[in-house]
Amino acid sequence: MTNTTKVNAQQTDVQRIETTLNYYLTGLVNNDAETLTKAFHPTSTMKWIGEKYTEVNAIEGLTEGMDGTPYKEKIKTRVVSISIAGDAASAQLEIQFPTFTYIDFMHVLKIEGEWKIVSKIFHTRQDSK
């Protein structure tokens, strides 16, 4: 494999991972469980520290109560970074609401040719108004 081929293969993987991450971001912002679910492996986990350590199935935790009604407030989303090593990748995302920002760290695996989020951890940062 030439260097050009490697770069093209990696670029394709970056684009495919971005597509997966955008299913998550679009689904989250639009309260759309069907779109969000496309991003995750069925057994993916979501973990965070709130009042205590919590761990749930990511799809169940994220889609509970979703009704397809987009948020009325303006929400900014961005992919901060993506790192790839073979069939494994990690990504950092930010979802900025008016008074707080979710900082998500996603672990993504290429499973049967498709990039799927297998775990999510996050921190909630309180922002000034």
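In this predicted model, the side chains of Thr101 and Asp127 are joined by a polar contact of 2.5 Å, and that pair offers a convenient place to begin reading the structure. Thr101 itself lies in strand E5, which covers residues 100–111. Is Thr101 buried or exposed? Its relative accessible area is 1%, and because burial is set at under 20%, Thr101 counts as buried. Leaving aside residues up to four places away in sequence, Thr101 touches Glu94, Ile95 and Gln96, and also His123, Thr124, Arg125 and Asp127, so that Asp127, the partner in the polar contact, appears again among the residues that Thr101 touches.

From Thr101 the reader can turn to the strand that pairs with E5. Strand E4, made up of residues 88–96, runs antiparallel to E5, and nine bridges hold the pairing between them. Within this pairing, Ser90 stands opposite His107 of E5, while the connection from E4 to E5 is a hairpin that passes through three residues.

E4 also pairs with strand E3, which spans residues 76–85, and here again the two strands are antiparallel and are joined by nine bridges. One of the positions that can be followed in this pairing is Ser81, whose bridge partner in E4 is Gln92. The hairpin of E3 and E4 has two residues between the strands, and in that hairpin Gly86 takes a positive phi near 65 degrees.

Technical notes. Residues numbered from 1 in each chain as written. Predicted model: local features only at pLDDT ≥ 70, side-chain atom pairs only at ≥ 80, totals over all residues. Heavy atoms only, no water. Helix = DSSP H or I, 4+ residues; strand = E, 2+ residues; numbered from the N terminus. Buried < 20%, exposed > 50% of the residue type's maximum accessible area, 1.4 Å probe, protein only. Polar contact = N/O pair within 3.5 Å; in protein donor to acceptor, adjacent residues only side chain to side chain. Contact = heavy atoms within 4.5 Å. Pairing = 2+ DSSP bridges.
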